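Hi everyone, thanks for making time this morning. I'd like to walk you through a few spots in one model, so let's bring it up on the screen.

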Amino acid sequence: MARGCLQGVKYLMFAFNLLFWLGGCGVLGVGIWLAATQGNFATLSSSFPSLSAANLLIVTGTFVMAIGFVGCIGALKENKCLLLTFFLLLLLVFLLEATIAVLFFAYTDKIDRYAQQDLKKGLHLYGTQGNVGLTNAWSIIQTDFRCCGVSNYTDWFEVYNATRVPDSCCLEFSDSCGLHAPGTWWKAPCYETVKAWLQENLLAVGIFGLCTALVQILGLTFAMTMYCQVVKADTYCA
């Protein structure tokens, strides 16, 4: 009876981890694709220049693949050490995510202030050598969201030491249009505009986060159940 239960849990856990591993492959593939085709699009942060979408996806995909692989092998081999390793790794990720979420909501105001200060520092790297990614990122953000600067278009005045903005701030794009009068530029602040867009899509983000948490809890349940079944089976055989 115990052996039959173990076999059932074994195949369920293997199927779960196979999907988990395939999901990691997909995330890694998207990250590599972004790095290869959109490598010139990088982070807006001056403090974390490597924190681009491509790099985040590559790191996340690799980590998910590693956890899924450990879970698959642990399930197939009915190996207590691998099963416990999988459980602990997944638990660590779950607790880390929960901690980050709690800290984010607890220190939202401080994070807002720091983010705006960091983004304004990053403006000074716009158009400079070796910062093509940041330059393109700002150009795309300002064009797509119809905004200019972090908190105001005057943020760019400190960068250029003149009354001008990048051409991506213009209502109608043309070469050197950033030298024209302020009436020809977008007035909306980019930080608040992007923040408002994220808040409008908060439900989708919340559903994604909830689904991720449920999948992780399911993985933890499978791992611990199988670990206990393996221990029970070993005791029974002994």
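Let's start on the surface, and please keep in mind that this is a predicted model. Leu-103, Phe-104, Phe-105, Tyr-107 and Ile-111 come together there as a nonpolar patch, and their combined accessible area is about 520 Å². Which helix gives the largest share of that patch? It's α3, residues 80–106, which supplies three residues.

Now look at Tyr-107, one of the patch members. Tyr-107 sits in the loop between α3 and α4, the latter being 108–123. Its relative accessibility is 41%, so Tyr-107 counts as partly exposed.

Here is something from the records to set beside that. An unreviewed UniProt entry annotates "transmembrane region" over residues 12–36, 56–76, 83–107 and 202–223. Let me take two of those spans. Residues 83–107 are 96% helix and 0% strand in the model, with 36 Å between the end C-alpha atoms. For residues 56–76 the figures are 100% helix and 0% strand, and the end C-alpha atoms are 30 Å apart.

My last stop is Gly-178, in the loop between α6 (155–160) and α7 (190–200). Is Gly-178 buried or exposed? It counts as buried, because its relative accessibility is 0%. And what is around it? Setting aside neighbours within four places in sequence, Gly-178 is in contact with Thr-163, Arg-164, Val-165, Pro-166, Asp-167, Cys-170 and Trp-185. Take Val-165 from that list: Val-165 and Gly-178 are 13 residues apart along the chain, and 4.7 Å separates their C-alpha atoms.

That's my tour; I'm happy to take questions.

Definitions and conventions: Residues are numbered from 1 along each chain as its sequence is written. This is a predicted model: local features need pLDDT of at least 70, side-chain atom pairs count only at pLDDT 80 or more; totals for chains, interfaces and linings use all residues. Side-chain values use heavy atoms; hydrogens and water are left out. Patches are made of residues with over 30% relative accessible area and no salt bridge: like charges are joined within 9 Å, nonpolar side chains (Val, Leu, Ile, Met, Phe, Trp, Tyr) within 5 Å. Accessible areas come from the Shrake-Rupley method with a 1.4 Å probe; for residues, only the protein chains shown count as cover. A salt bridge is a side-chain nitrogen of Lys or Arg within 4 Å of a carboxyl oxygen of Asp or Glu. Helices (H or I, at least four residues) and strands (E, at least two) are DSSP runs, numbered from the N terminus. Buried means under 20% relative accessible area, exposed over 50%, partly exposed in between (1.4 Å probe, protein chains only). Contact means heavy atoms within 4.5 Å. UniProt positions are given in the numbering used here, feature names are shortened, and annotations may be inferred rather than shown by experiment.
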